[in-house]
Amino acid sequence: MVDQHNPKLDTEPQSNTEKDPEDWVTGDEPMTGAQGSYLKTLSEQAHEPDAFADDLSKAEASKRIDALKEKLKL
């Protein structure tokens, strides 16, 4: 019997859960509704209305969300 890697037993289960948006296979697709809503809220809280745009990709929305969260210390 060949031993196979079991992710349930991984000592670092978070090791592959974060991926750079530039590497996302679907990063060029339009942002999701949830991303749009969250980005709109964060842009208002940060007083940066230009951070929100309807035509962002998933990857770009994610980057802007991360930047605003950092600015707001969330």
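**Lys-58 and its neighbours**

I began with Lys-58 and looked up its contacts (heavy atoms within 4.5 Å): leaving out residues up to four places away in sequence, Lys-58 touches Trp-24, Thr-26, Gly-27, Glu-29, Pro-30, Met-31, Thr-32 and Gln-35. Lys-58 is found in helix 2, where I take helices as DSSP runs of H or I with at least four residues and strands as runs of E with at least two, numbered from the N terminus. I then asked whether Lys-58 is buried or exposed. Its relative accessibility is 19%, so Lys-58 counts as buried, the classes being buried under 20% relative accessible area, exposed over 50% and partly exposed in between, with a 1.4 Å probe and protein chains only.

I note that this is a predicted model, in which local features need pLDDT of at least 70 and side-chain atom pairs count only at pLDDT 80 or more, while totals for chains, interfaces and linings use all residues. Residues are numbered from 1 along each chain as its sequence is written, and side-chain values use heavy atoms, with hydrogens and water left out.

**The chain as a whole**

I find two helices and zero strands in the chain, and of its 74 residues 26% are buried. Of the contacts between residues at least 6 apart in sequence, 62% join residues at least 24 apart. The chain exposes about 6000 Å², of which carbon and sulfur atoms supply 49%; these areas come from the Shrake-Rupley method with a 1.4 Å probe, and for residues only the protein chains shown count as cover.

**Helix 1**

Helix 1 covers residues 33-45, and from first C-alpha to last its 13 residues reach 18 Å, close to the 18 Å expected at 1.5 Å a residue, where the expected span is 1.5 Å times one less than the number of residues. I listed its buried residues as Gln-35, Gly-36, Leu-39, Leu-42 and Ser-43. Seen down the helix axis, these buried residues fall within an arc of 135 degrees, so they line one face of helix 1; the arc is taken from the directions that run from the helix axis to the C-beta atoms. As a reminder to myself, an α-helix has 3.6 residues a turn, so residues three or four places apart point the same way. Gly-33, Ala-34 and Glu-44 are exposed on the other side of helix 1, whereas the buried residues pack against helix 2 (58-71).

I also looked at Gln-45, which has its place in helix 1 and at 45% relative accessibility counts as partly exposed. Not counting residues up to four places away in sequence, Gln-45 touches Leu-72 and Leu-74. The C-alpha atoms of Gln-45 and Leu-68 are separated by 8.9 Å, the two residues being 23 residues apart along the chain.

**Helix 2**

For helix 2, the 14 residues should span 20 Å at 1.5 Å a residue, and the end C-alpha atoms are indeed 20 Å apart. Its buried residues are Lys-58, Ala-59, Ala-61, Ser-62, Ile-65 and Leu-68, and what covers them includes helix 1. Ser-62, which lies in helix 2, has a relative accessible area of 12% and is therefore buried; beyond residues up to four places away in sequence, Ser-62 touches Pro-21, Trp-24 and Gln-35.

**The nonpolar core**

Which residues make up the largest nonpolar core? I take such a core as a set of buried Ala, Val, Leu, Ile, Met, Phe, Trp, Tyr and Cys residues joined through side-chain atoms within 4.5 Å. The largest has 10 residues in all, namely Met-31, Leu-39, Leu-42, Ala-46, Ala-51, Phe-52, Leu-56, Ala-61, Ile-65 and Leu-68. Helix 1 and helix 2 each supply at least two residues of this core, and helix 2 gives the most, with three residues. I followed Leu-39 further: with residues up to four places away in sequence not counted, Leu-39 touches Ala-51, Phe-52, Leu-56, Ala-61, Arg-64, Ile-65 and Leu-68.

**Positive phi angles**

Most residues other than glycine have a negative phi, and I checked for departures. His-47 has a positive phi of about 55 degrees although it is not a glycine; His-47 is found in the loop between helix 1 and helix 2 and is exposed, with a relative accessible area of 69%. Lys-73, likewise not a glycine, has a positive phi of about 60 degrees. Lys-73 lies in the segment after helix 2 and, at 75% relative accessibility, counts as exposed.
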